[in-house]
Amino acid sequence: MFQLPKPCYIGLALSALATHASASEMFANDSPWMLGDWGGTRSELLEKGYDFTLGYTGEMGSNLHGGYDHDRTARYSDQFTFGSHLDLEKILGWHDTEFQLTITERHGDNISNDRINDPRVGGFTSAQEVWGRGETWRLTQMWIKQKYFDGALDVKFGRFGEGEDFNSFPCDFQNLAFCGSQVGNWVGGIWYNWPVSQWALRVRYNLTPELYAQVGIFEQNPSNLESGNGFKLSGSGTQGAVMPVELVWAPRIQGLKGEYRAGYYYSNAKAQDVLKDSNGQPAALSGAAYRSSSSKHGMWLGAQQQVTSLASDQSRGLSLFANATVHDKKTNAIDNYVQAGLVSKGPFDARAKDDIGFALARVHVNPAYRKNARLANQAAGVDDYDNPGFLPVQDTEYSAELYYGIHLADWLTVRPNLQYIRHPGGVSQVDGALVGGLKIQSSF
């Protein structure tokens, strides 16, 4: 047996404090903030263009069955977000201009690292998406955005991640395979999602009210990933640039919201081949360095569409979604990924703000990457999976998640979830893992 981590008790205690008091009071159900409206000061600041936020996300994961290590335990990881959004038109008179500053702090442990995945190769997905990129403070956003030509042209410059604007996707699920920009999950060495930031420029043009095209250029600097560089502003260590381009269509089909994305990314930094040396021979056998490629590229498709609604409340109903990514087989361990699922909002009249989500994902390993692992074992003279020196051969990992989102207050949602990962890390010798999770999302 294991005890519930202390932060979980905190979340449950906060839910117990939610009351039916006025929205301006602390812990009021209908307030967007746990600490209330500060006696009306917060609303006054919003009217003047100042929006200050403090958010918290906590995630618990427990290996209920299977995985690499069957010894049951629970792990907890979390993130604090401190943000300020300034409407510079209201504050300084700068037309259609906004400024965003966000600092984040992450810490905790992840059940996937040593209980679900074979630590010799690690995994692809994570049962606790909020874990990652180091237990450290980071400057996650520092950008200014301005619109021109009656809003048709939108330019954003500063420090931010690709997933804010490109290949964007919500993050209500707890498994990483269903959370956020998926390109960054499978080419994380060059595409840095939240909470990592880098110098970037994004230009968007609205072709019609429902259709826009955008292009960006992002500093590709691996040193930004290091824990000690959370507030690094210099460009030292930059290896090149990642340049995404995307077309986004956001129609209303019979009054129901949809969003469809198609994009392509290109990196002009050198990338290492996953199999061959400079002579075209398997580097695992020749012992020579893996050859270098002059670039790296890939593409993505994404779709979200609400398909049902209630006449009395269009925000309630069933929505479907699907995402797919394809990557360069010469240089990337993952060559393709697909995912699909559904979310039902307001499934019960008595729980009109709750939601239910279910999703499936498949992560596929590049055959050349698999071949390299086999050849590495051949060169080392090991063929027994249980040998500590054996390099597990990774193939395909499958993930599924079912959650129920309990909307306890406008500032607090708790999502218990159940996950199943088949072939964790793409290693067929690892037993399928059943993970029990709990995700807490709160705004102070």
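**Exercise 1. Overall fold.** Count the helices and strands in the chain, then judge its compactness.

*Solution.* The chain has seven helices and 19 strands. Both are DSSP runs numbered from the N terminus: helices are H or I with at least four residues, strands are E with at least two. Next, compactness. The radius of gyration is 23 Å, close to the 22 Å that the globule rule gives for 444 residues, so the chain is as compact as a globular protein of that length. The radius is taken over C-alpha atoms, and the rule is 2.2 Å times the number of residues to the power 0.38. Along the principal axes, the C-alpha atoms fill a box of roughly 70 × 55 × 45 Å.

The model is predicted: local features need pLDDT of at least 70, side-chain atom pairs count only at pLDDT 80 or more, and totals for chains, interfaces and linings use all residues. Residues are numbered from 1 along each chain as its sequence is written, and side-chain values use heavy atoms, with hydrogens and water left out.

**Exercise 2. Burial and contacts.** Find what share of the residues is buried, and what share of the contacts joins residues at least 24 apart.

*Solution.* Start with burial. Of the 444 residues, 50% count as buried. Buried means under 20% relative accessible area, exposed over 50%, and partly exposed in between (1.4 Å probe, protein chains only). Now the contacts, meaning heavy atoms within 4.5 Å. Take those between residues at least 6 apart in sequence: 63% join residues at least 24 apart.

**Exercise 3. The disulfide.** Locate the disulfide, give its handedness and describe the exposure of each cysteine.

*Solution.* A disulfide is a pair of cysteine sulfur atoms within 2.5 Å. By this rule there is one. Cys171 is joined to Cys179, with an S to S distance of 1.6 Å. The torsion about the S-S bond is about -75°, so the disulfide is left-handed. Cys171 counts as partly exposed because its relative accessibility is 25%. Cys179, at 5%, counts as buried.

**Exercise 4. Backbone exceptions.** Where is there a cis peptide bond, and which residues other than glycine have a positive phi?

*Solution.* Recall the background: most residues other than glycine have a negative phi, and most peptide bonds are trans. The bond from Trp194 to Pro195 is cis, with omega near 10°. Pro195 lies in the loop between helix 5 (183-186) and strand 6 (198-208). Turn to phi. Phe149 has a value of about 55°. Phe149 sits in the loop between strand 4 (137-148) and strand 5 (153-160), and is exposed at 64% relative accessible area. His423 also has a positive phi, near 55°. The loop that holds His423 runs between strand 18 (412-422) and strand 19.

**Exercise 5. Two strand residues.** Place Asp431 and Ala200, and list their contacts beyond four places in sequence.

*Solution.* Asp431 belongs to strand 19 (residues 431-443). Asp431 is partly exposed, at 39% relative accessibility. Its C-alpha atom is separated by 5.2 Å from that of Gly66, 365 residues apart along the chain. The contacts of Asp431 are Gly66, Gly67, His70 and Pro424, leaving aside neighbours within four places.

Ala200 is in strand 6. Ala200 is buried, with a relative accessible area of 3%. The C-alpha atoms of Ala200 and Gly216, 16 residues apart along the chain, are separated by 7.2 Å. Not counting residues up to four places away, Ala200 touches Lys156, Phe157, Gly158, Phe160, Ile217 and Phe218.
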